Amino acid sequence: MKKIFLIIGLILLNELQAKITHDSLYISNFNPIVFDDCDACGCAAGNGSSGFESLLNPQFIGIKYFAQHYKAKENLFVKDLTQDQYFNTIQIWGKIPLTKKLSVYASLPFHFHEKKTLQGDITINGIGDLNLMGIYQLFNSEDNIHQLNGGVGVKAPLGKFDEKGITGVNPSFQLGTGSWDYQMVLNYKFQKNKVAVLLNTDYTFKTENKKHYHFGNQWNYAATGFYQLLGNDKTIFSGKAGFQGEIYGRNKQFDEVLPNTAGSALYGKFGFEASYKRFSLGSEMMLPVYSHLAGGDIEAKSRFSIFLNLGI
């Protein structure tokens with residue numbers, strides 16, 4: 001792990017040196033777009049929604065840590081959810097402007113996952129799938145109170161897909177889907193004074209991979225409220241709270257629908273984002289209000305994320 005953090009730290013240091021070319025102050029007001037760049041119950045090939053957060057610096061490069069905890073059945077012959085599954089991701093991400101209205105979003109994750117079984121702990125780690133998306137500002141009112149953004153993108157299968165992993169209770173215990181997947185996102189923002197409200201929805205179309213396995217499509221939706229608690233010429237601190245839902249279609253193998261692979265979950269969430277000049281730090285906690293994943297064989301427990309971004 002020390003080597004991972006060292007490599008990521010060097011990358012960010014290099015980007016910081018390359019991007020900071022003047023001393024002008026940059027603190028953006030509420031001007032976010034949200035894109036959920038994970039999918040299916042359990043992260044990795046699956047992933048739960050982590051969110052495309054950058055409330056105070058809407059154009060940025062940065063690093064993010066995202067953790068998920070699930071309870072699952074040990075096997076098909078037990079009723080209780082006794083197996084703990086932990087999904088951890090460190091990703092380098094960014095949203096870079098090309099024109100006044102068009103930006104490119106990209107994220108490259110590194111996963112390290114673990115599940116605790118009666119036969120011992122099972123761990124997998126490695127690079128995940130690369131996400132690329134174009135984001136376009138569809139509408140922005142003259143007073144900047146209303147804004148609508150849309151995006152389309154692709155997920156390239158850089159992460160390893162292990163065919164043996166699909167035989168477990170959670171077939172999403174993977175580093176990647178092994179397939180080219182396509183994404184659409186729509187984001188509405190209302191902003192006035194110190195208050196902002198975001199409504200977000202995105203849909204992921206998944207395709208069959210080379211092993212003839214097809215993860216189900218996914219729909220995410222979320223509503224989040226923000227309030228600026230503190231602010232001056234250099235520093236802003238905002239709190240946020242809301243809910244987020246996820247709906248997963250059934251997986252297929254050789255075009256045959258697989259049982260107990262669809263599901264849905266609803267989370268309540270709260271967190272904060274703080275900025276100082278070009279830097280923003282944010283964190284979010286998510287707790288399930290409703291969870292029925294994999295036909296009830298998997299239960300969502302909690303999610304946590306924290307990120308550090310550099311505005312550009």
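What percentage of the 312 residues in the protein do buried residues make up? In this predicted model, the share of buried residues is 48%. The protein holds one helix and 16 strands, and it is with the strands that a reader new to the structure may like to begin. Contacts across the chain also give a useful first impression: among those with a separation of 6 or more, 62% are between residues 24 or more positions apart.

The tour starts with strands S1, S2 and S3. Strand S1 covers residues 60-73 and strand S2 covers residues 81-97; the two pair in the antiparallel sense, with 14 bridges between them. One of the bridge partners can be picked out by eye, as His69 is matched with Tyr86 in S2. On from there, S2 is joined to strand S3, residues 102-117, by 13 bridges, and these two strands also run antiparallel. Here Lys95 has Tyr105 of S3 as its bridge partner. The link between S2 and S3 is a hairpin of four residues. As a general point, strands of a sheet pair through backbone hydrogen bonds, in either a parallel or an antiparallel manner.

Strand S4 comes next, spanning residues 120-127 and including Asn125. Beyond its neighbours within four places in sequence, Asn125 makes contact with Phe110, His111, Phe112 and Leu175. Phe87 lies 38 residues away from Asn125 along the chain, yet their C-alpha atoms are separated by 9.9 Å.

A further run of antiparallel pairing involves strands S5, S6 and S7. Strand S5 (residues 130-140) and strand S6 (residues 146-156) are paired over 10 bridges in the antiparallel sense, with Ile135 placed opposite Gly151 of S6. Their hairpin has five residues between the strands, and within it Asn144 adopts a positive phi near 65 degrees. S6 is in turn joined to strand S7, residues 181-192, by 10 bridges, again in antiparallel fashion. In this pair, Leu148 faces Tyr188 of S7.

Asn144 has company in its backbone geometry. Most residues other than glycine have a negative phi. Asn193, however, has a positive phi, near 55 degrees. This residue sits in the loop between S7 and strand S8 (195-205), and Asn193 is exposed, its relative accessible area being 64%. His212 likewise shows a positive phi, near 65 degrees, and is found in the loop between S8 and S9. With a relative accessible area of 36%, His212 counts as partly exposed, since that category lies between the 20% limit for buried residues and the 50% limit for exposed ones.

A small set of strands can be followed from S9 onward. An open sheet is formed by three strands in the order S9-S12-S13, with antiparallel pairing. Strand S9 (213-214) and strand S13 (256-257) are at the edges and have a single partner strand each, so one side of each has no neighbour in the sheet. S13 is joined to strand S12, residues 252-253, by two bridges, and Lys252 stands across from Val257 of S13.

Attention now turns to the interior. In soluble globular proteins, nonpolar side chains tend to be buried together. The largest nonpolar core here contains 13 residues, and Tyr70, Tyr267, Leu293, Ile298 and Ala300 have the most contacts inside it. Two or more residues of this core come from each of S1, strand S14 (263-276) and strand S16 (298-311). Tyr267 is a good residue to inspect: beyond its neighbours within four places in sequence, its contacts include Tyr70, Gly242, Phe243, Met286, Leu287, Ala300 and Arg303. Another core, of seven residues, lies apart from the largest one, and among its members are Phe60, Tyr105, Met133 and Phe307.

The last stop is the largest pocket, which has a volume of about 350 Å³. Its lining consists of 21 residues, of which Lys115, Ile122, Asp162, Gly165 and Phe173 are the closest to the centre. At least two lining residues are supplied by each of S2, S3 and S4, and S4 gives the most, with three. By character, the lining divides into 10 polar, six charged and five nonpolar residues.

Methods:
Residues are numbered from 1 along each chain as its sequence is written. This is a predicted model: local features need pLDDT of at least 70, side-chain atom pairs count only at pLDDT 80 or more; totals for chains, interfaces and linings use all residues. Side-chain values use heavy atoms; hydrogens and water are left out. Two strands pair if DSSP finds at least two bridges between them. Contact means heavy atoms within 4.5 Å. A nonpolar core is a set of buried Ala, Val, Leu, Ile, Met, Phe, Trp, Tyr and Cys residues joined through side-chain atoms within 4.5 Å. Buried means under 20% relative accessible area, exposed over 50%, partly exposed in between (1.4 Å probe, protein chains only). On a 1 Å grid over the protein atoms alone, a cavity is a set of points where a 1.4 Å probe fits but cannot get out, and a pocket is an open set with protein on both sides within 12 Å along at least five of seven lines; lining residues have an atom within 4 Å of a point. Grid points are joined across faces, edges and corners, and a volume is the space filled by probe spheres set on the points. Ala, Val, Leu, Ile, Met, Phe, Trp, Tyr, Cys and Pro count as nonpolar, Asp, Glu, Lys and Arg as charged, and the others, Gly among them, as polar.
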